[in-house]
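Colleague: I'm new to this one, and I'd like to know what stands behind the words people use for it. Could you walk me through it?

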Amino acid sequence: MTKLFFLCRRRAELTHEQYVQRLLGGHVPLALAHHPTLRRYVVNVVDGTRGPAPPLDSIGMLWFDSLADYRERLYDSAAGERTIAADVAGFLGTADAYATTEHVQRAPAEAPSVGATAGVKLVVALARAPGQSREEFLRHWLERHVPLALEHHGMSRYVTSVVDERLGSASPPYDGFAEIQFASADDLERRLYLSAEGKTAIERDVGRFLGTIHAYYVAEHVARWIEHVPGRFSIRVGDAEAFLVYERRDDVLDVLHTYTPPALRGGNLAAELTRAALDHARAEGLRVVPTCSYTRRYLARHPAYNCD
């Protein structure tokens with residue numbers, strides 16, 4: 001999957017609070033309705049910075065099966081594109097965008113749940129030291145620094161995302177983004193470094209390969225998170241989970257069953273899972289067999305999907 005970062009700033013006439021209200025209450029539902037190829041969508045509302053950093057109001061993270069899905073198949077229709085454009089014009093001032101490759105270094109056993117995430121999160125924008133090549137930076141970051149961070153930081157989740165492409169010539173030349181999550185603000189202050197020796201080791205290593213570090217405290221809101229493991233697509237909301245089960249046989253993807261718990265029905269989750277499964281089959285060149293009755297109904301309503 002391709003993961004996009006959007007570093008967003010509000011229109012000048014809006015307060016941060018007004019921007020957040022427009023983003024979460026208005027834009028997010030529209031994006032979910034009109035971006036059919038969007039697999040995961042996380043909004044990080046910026047609450048402050050850890051050290052000097054350019055002002056931001058939110059950091060959006062959007063996952064697609066491919067960059068082409070973002071560039072060529074982002075909208076469900078021309079009307080949907082117009083709706084999104086009109087909404088964005090009302091609250092978004094500027095945004096810097098990046099296409100990245102994600103590396104999950106540490107994560108809880110369960111997939112994220114849709115909704116506000118508990119705990120405290122840092123999103124850190126990184127640029128390499130002057131005179132260092134991109135290859136040198138990446139090798140040091142992923143092969144030397146990441147193991148140190150896993151050893152000396154007590155975070156519950158740690159994700160590194162390598163910038164593959166800046167989607168705008170004016171975007172700052174960041175080389176990567178790190179996400180570091182803790183159970184609480186107190187946990188962050190107590191466990192950011194697990195020892196004085198660990199802090200010294202981290203700070204010494206940072207000086208060897210980083211030129212820019214812009215760190216933001218954020219409140220995470222998971223708007224969409226479709227989890228895919230072989231044979232299964234799923235979406236968690238709290239303690240409940242909607243899922244789709246399939247079987248792959250040679251060049252066939254047989255959708256066997258789709259289930260949404262009663263408490264989650266009415267949220268369009270079955271459609272999201274089915275669309276993800278059908279797009280996966282298309283990308284893999286598989287013929288779809290709709291054993292599942294819901295999938296048969298979905299295909300009847302969406303004839304663009306070919307299940308011959």
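Modeller: Let's start with a cut-off: an angle over 145 degrees between two helix axes counts as roughly antiparallel. Keep in mind, too, that this is a predicted model.

Colleague: Fine. So why are H4 and H6 called roughly antiparallel?

Modeller: Their axes cross at roughly 170 degrees and come within 10 Å. An angle over 145 is what the term asks for, so H4 and H6 are roughly antiparallel to each other.

Colleague: Which residues make that contact between H4 and H6?

Modeller: From H4 you have Phe137, His140, Trp141, Arg144, His145, Leu148, Ala149 and His152. They meet Gly198, Ala201, Ile202, Asp205, Val206, Arg208 and Phe209 of H6. By type, the contact residues split into eight nonpolar, four polar and three charged.

Colleague: What about H6 itself: which of its residues are buried?

Modeller: H6 covers residues 196-209, and its buried residues are Gly198, Ala201, Ile202, Asp205, Val206 and Phe209.

Colleague: How do you know that they line one face of the helix?

Modeller: Look down the axis of H6: the buried residues fall within an arc of 130 degrees, so they line one face. On the other side of H6, Ala196, Glu197 and Gly207 are exposed. As for what the buried residues pack against, that's strand S6 (120-128), helix H4 (134-152) and strand S9 (210-225).

Colleague: You listed Trp141 in the contact. What makes tryptophan 141 count as buried?

Modeller: Buried means under 20% relative accessible area. Tryptophan 141 has 1% relative accessibility, so this residue counts as buried. Tryptophan 141 lies in H4, and leaving aside neighbours within four places in sequence, its contacts are Leu126, Val146, Tyr158, Thr160, Ser161, Val162, Gly176, Phe177 and Phe209.

Colleague: And aspartate 250, is that one buried or exposed?

Modeller: The bar for exposed is over 50%. Aspartate 250 has a relative accessible area of 75%, so this residue is exposed. You'll find aspartate 250 in the loop between S12 and S13, with a positive phi of about 55 degrees although it is not a glycine. Asparagine 268 also has a positive phi, near 70 degrees, and isn't a glycine either; this one sits in the loop between S13 and H7.

Colleague: Back to helices. Why is H7 called roughly perpendicular to H8?

Modeller: The axes of H7 and H8 cross at roughly 80 degrees and come within 11 Å. The range for roughly perpendicular is 65 to 115, so H7 is roughly perpendicular to H8. Ala270, Ala271, Thr274, Arg275 and Leu278 of H7 make the contact with Tyr294, Thr295, Tyr298 and Leu299 of H8. Those residues divide into six nonpolar, two polar and one charged.

Colleague: Which residues touch the most other members in the largest nonpolar core?

Modeller: Phe233, Leu244 and Leu273 do, out of 25 residues in that core. Strand S11 (232-237), strand S12 (240-249), strand S13 (252-259), helix H7 (269-284) and helix H8 (293-301) each give two or more residues to the core. H7 supplies the largest share, eight residues.

Colleague: What does phenylalanine 233 touch?

Modeller: Not counting residues up to four places away in sequence, phenylalanine 233 touches Ile226, Glu227, His228, Ala242, Phe243, Leu244, Tyr246, Leu273, Ala276, Ala277 and His280. As a general point, nonpolar side chains tend to be buried together in soluble globular proteins.

Notes: Residues numbered from 1 in each chain as written. Heavy atoms only, no water. Buried < 20%, exposed > 50% of the residue type's maximum accessible area, 1.4 Å probe, protein only. Helix = DSSP H or I, 4+ residues; strand = E, 2+ residues; numbered from the N terminus. Arc of directions from axis to C-beta. Contact = heavy atoms within 4.5 Å. Core = buried A, V, L, I, M, F, W, Y, C linked by side-chain atoms within 4.5 Å. Axes fitted to C-alpha atoms, helices over the stretch in contact; angles between N-to-C directions. Parallel < 35°, antiparallel > 145°, perpendicular 65-115°, else oblique. Nonpolar A, V, L, I, M, F, W, Y, C, P; charged D, E, K, R; others polar.
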